[in-house]
Amino acid sequence: AKKGGGGGGDDDDGGVPLTKRGARAKAAPKPQGLQAEMRKRQNKKLIKDRDEVMDLVKRAAGPIETAAALRATYTEVSEGLSAVGLTIGGSEALDDRLYIKQKGSLVYSEEELDIVEKADYRLGLMHSVNAWSGLLDSRLQTATRVLENGIGGTKAERDQALAGALKEAKES
């Protein structure tokens, strides 16, 4: 399904462009049997924890000043969303997952779903930054140890320092 109110249409809708709401409604899965029961239970939790979910989403979408703050925010938000049953980078976009109807109206408003959509995209980028930052930090620490411990001494001492640093790098 196309997201946004952009041009083009979908073969199933007679060429009429989908609004965000229409795209989200169309993207909502139609689970059957056990899957439907599990989704119902998850929906109840997402409805109950609505304020917490939106607080987490707004934190992810808000300003972040430093790389350290980005990593801390990503960790906190991703763990919080996971605790309420939402997965970042899963097979279903967060805004599509939160498209929940209750008594004929949406639990999360269209405006909130727009914020969720932006936060979901940003969380994907934050995930990449977090993963690469951790890897680079580990490699930098390893290289620093090699430089500090590997220069000078006998060949055996340098080889031992290098072997230790490589072992550490593989474990991290």
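**Contacts of Tyr108, salt bridges and a nonpolar patch**

In this predicted model, Tyr108 makes a convenient place to begin. Apart from neighbours within four places in sequence, Tyr108 is in contact with Leu46, Arg50, Val53, Met54, Leu98, Ile100 and Leu113. Several of these names return below.

Tyr108 also belongs to the largest nonpolar core, a set of 25 residues. The members with the most contacts inside this core are Tyr108 itself, together with Leu46, Val53, Leu81, Leu86, Leu98 and Leu123. Helices H3, H4 (67-83) and H6 each contribute at least two residues to the core.

Arg50, one of the residues in contact with Tyr108, leads from the core to the charged side chains. Side chains of opposite charge can pair when their charged atoms come close. The structure holds eight salt bridges, and Arg50 takes part in a salt bridge with Glu112, at 2.4 Å from N to O. Because Arg50 lies in helix H3 (residues 50-61) and Glu112 in helix H6 (residues 110-150), this pair ties together parts that are 62 residues apart in sequence. Glu112 is buried, its relative accessible area being 14%, whereas Arg50 counts as partly exposed at 22% relative accessibility; the cut-off for buried is under 20%.

The side chain of Arg50 also meets that of Asp51 in a salt bridge, here at 3.5 Å from N to O. Asp51 is exposed, with a relative accessible area of 61%. Arg50 is thus paired with a buried residue, Glu112, and with an exposed one, Asp51.

A further group of charged residues is found just before helix H3 in the numbering: Lys45, Lys48 and Asp49 are linked in a network of salt bridges. Within this network, the side chains of Lys45 and Asp49 meet at 3.0 Å, N to O. The two partners differ in their exposure: Asp49 is buried, with a relative accessible area of 9%, while Lys45 is partly exposed, at 33% relative accessibility.

Turning to the surface, Trp132, Leu135 and Leu136 make a nonpolar patch of about 330 Å². Leu135 is found in helix H6, the helix that also holds Glu112 and supplies at least two residues of the nonpolar core. With a relative accessible area of 33%, Leu135 is partly exposed. Helix H6 therefore holds both the buried Glu112 and the partly exposed Leu135.

Key
Residues are numbered from 1 along each chain as its sequence is written. This is a predicted model: local features need pLDDT of at least 70, side-chain atom pairs count only at pLDDT 80 or more; totals for chains, interfaces and linings use all residues. Side-chain values use heavy atoms; hydrogens and water are left out. A salt bridge is a side-chain nitrogen of Lys or Arg within 4 Å of a carboxyl oxygen of Asp or Glu. Buried means under 20% relative accessible area, exposed over 50%, partly exposed in between (1.4 Å probe, protein chains only). Helices (H or I, at least four residues) and strands (E, at least two) are DSSP runs, numbered from the N terminus. A nonpolar core is a set of buried Ala, Val, Leu, Ile, Met, Phe, Trp, Tyr and Cys residues joined through side-chain atoms within 4.5 Å. Contact means heavy atoms within 4.5 Å. Patches are made of residues with over 30% relative accessible area and no salt bridge: like charges are joined within 9 Å, nonpolar side chains (Val, Leu, Ile, Met, Phe, Trp, Tyr) within 5 Å. Accessible areas come from the Shrake-Rupley method with a 1.4 Å probe; for residues, only the protein chains shown count as cover.
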